[in-house]
Amino acid sequence: MSMLIIDQKKCGQDGLCAADCPMGIIRFEGKGHFPEISPENESACIRCGHCVAVCPHGALDHTEVPLAACTALDEALVISSAQADQFLRSRRSVRQFKNKPVERPTMQRLIETARYAPSASNAQLVEWLVIDDPQRLQAISAKVIDWMGALLQNPKATVMPYYQVLVNAWDAGIDSILRSAPGLVVAMAKGPASVRIVDVTLALSYLELAAPRYGLGTCWAGLLQGAMLADPALKQAVGIPQDYPYHFPLMIGYSRVRYYRLPERQPPVIHWG
């Protein structure tokens with residue numbers, strides 16, 4: 001059975017599916033013919049669904065990307081350029097969280113949205129670790145502080161100038177590592193392809209852009225990421241398997257703050273080719 005199933009009564013024989021196939025494996029010989037994938041080329045298919053998505057007639061089905069599972073786009077939900085501009089510019093890193101857990105169904109929904117982020121060759125290898133136990137989150141922050149403290153005691157170690165500030169804040173009862181966030185979500189992927197770190201970053205970007213619609217704020221946990229890269233024991237303490245070399249953590253929780261302005265940024269540096 002062929003991967004492609006063509007409803008010949010609906011097919012417009014326009015070749016859109018063949019032209020849009022990223023792998024170029026759909027053969028279309030013009031009017032009077034129907035698109036097809038030869039059996040020897042089926043293994044090259046990356047199951048991206050472009051062929052199903054681009055057909056305006058709903059004539060093409062794919063055995064591994066079923067037409068029935070592909071939601072039709074709702075034109076009424078398409079946002080304007082002005083809405084897109086404000087939406088993207090209004091993203092902020094939130095560091096003040098309410099003492100309220102993020103409900104797991106909400107977290108599940110955010111991850112469901114984030115799985116639509118692009119991935120290299122449509123591999124879809126990103127996996128998720130969600131930590132919402134307050135004691136465990138506190139313990140993770142404490143381990144990062146301990147790691148920083150050890151570096152500060154080592155005269156030969158290279159330390160960032162703010163490490164001592166963070167350790168002092170911790171001693172004063174302030175968590176500047178995970179900001180007392182009620183949740184931590186880690187996107188991670190197995191190796192060996194270095195593009196997986198891009199996959200992970202894109203997935204987290206989708207999640208953080210969707211989060212404010214649920215009243216949630218996020219902040220990239222760079223201090224924890226740096227510590228995990230430097231100390232495998234910290235990575236293990238977080239719960240990331242050793243054979244997952246690509247990862248990044250994101251703090252998440254209900255935001256205690258609301259922003260009313262769009263702070264300007266420096267002009268882009270553009271090199272036209």
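1. Start with helix α7. D199 and R196 sit 3 residues apart in this helix, so about one helical turn separates them. The two form a salt bridge, and their closest N and O atoms are 2.8 Å apart. D199 is buried, at a relative accessible area of 3%. R196 also counts as buried, at 11% relative accessibility. Keep in mind that this is a predicted model.

2. Helix α7 supplies a partner to another salt bridge. E208 pairs with R91, with 3.2 Å between the closest N and O atoms. E208 lies in helix α7, while R91 lies in the loop between α3 and α4, so the pair ties together parts that are 117 residues apart in sequence. Accessibility differs between the partners. E208 is buried, at 7% relative accessibility. R91 is partly exposed, with a relative accessible area of 24%.

3. Next, R104 and D132. Their salt bridge has its closest N and O atoms 2.9 Å apart. R104 belongs to helix α4, and D132 to the loop between β5 (127-131) and α5 (134-152). The pair therefore ties together parts that are 28 residues apart in sequence. R104 is exposed, at 60% relative accessibility. D132 is partly exposed, and its relative accessible area is 27%. The structure holds 7 salt bridges, among them the pair R104 and D132.

4. Now the pockets. The largest pocket holds about 1800 Å³ of space. Its lining takes in 42 residues. Those nearest the centre of the largest pocket are A53, C70, T71, L73 and Y116. Helices α2 (50-54), α3 (81-89), α4 (104-114) and α7 (196-210) are the elements that give two or more residues to this lining. By residue class, the lining of the largest pocket has 28 nonpolar, 9 polar and 5 charged residues.

5. The second largest pocket holds about 770 Å³. It is lined by 24 residues. S90, R91, P212, R213 and Y259 lie nearest the centre of this second pocket. The elements giving two or more residues to its lining are α3, α7 and β7 (216-220). The residue classes here come to 10 nonpolar, 7 polar and 7 charged. R91 deserves a second look: this residue near the centre of the second largest pocket is also the salt-bridge partner of E208.

6. Helices α3 and α7 recur. Both are among the elements giving two or more residues to the lining of the largest pocket. Both do so for the second largest pocket as well.

7. Backbone check, peptide bonds. The bond from G191 to P192 is cis, with omega near 5°. P192 is in the loop between β6 (183-189) and α7.

8. Backbone check, phi. Q124 is not a glycine, yet its phi is positive, at about 55°. This residue lies in the loop between α4 and β5. Q124 counts as exposed, at 53% relative accessibility. R179, likewise a residue other than glycine, has a positive phi near 55°. R179 lies in the loop between α6 (163-171) and β6. It is partly exposed, with a relative accessible area of 32%.

9. Which residue has the nearest cysteine sulfur to C48? That sulfur belongs to C21 and is 6.4 Å away. A disulfide needs the two sulfur atoms within 2.5 Å, so C48 is in no disulfide. C48 is partly exposed, at a relative accessible area of 32%. For C55, the nearest cysteine sulfur is that of C11, 6.6 Å away, and C55 is in no disulfide either. C55 counts as buried, at 18% relative accessibility. The count for the structure is 0 disulfides.

Definitions and conventions: Residues numbered from 1 in each chain as written. Predicted model: local features only at pLDDT ≥ 70, side-chain atom pairs only at ≥ 80, totals over all residues. Heavy atoms only, no water. 1 Å grid on protein atoms, 1.4 Å probe; cavity = no way out; pocket = protein on both sides within 12 Å on 5 of 7 lines; lining within 4 Å. Points joined across faces, edges and corners; volume = space filled by probe spheres on them. Helix = DSSP H or I, 4+ residues; strand = E, 2+ residues; numbered from the N terminus. Nonpolar A, V, L, I, M, F, W, Y, C, P; charged D, E, K, R; others polar. Salt bridge = Lys/Arg side-chain N within 4 Å of Asp/Glu carboxyl O. Buried < 20%, exposed > 50% of the residue type's maximum accessible area, 1.4 Å probe, protein only.
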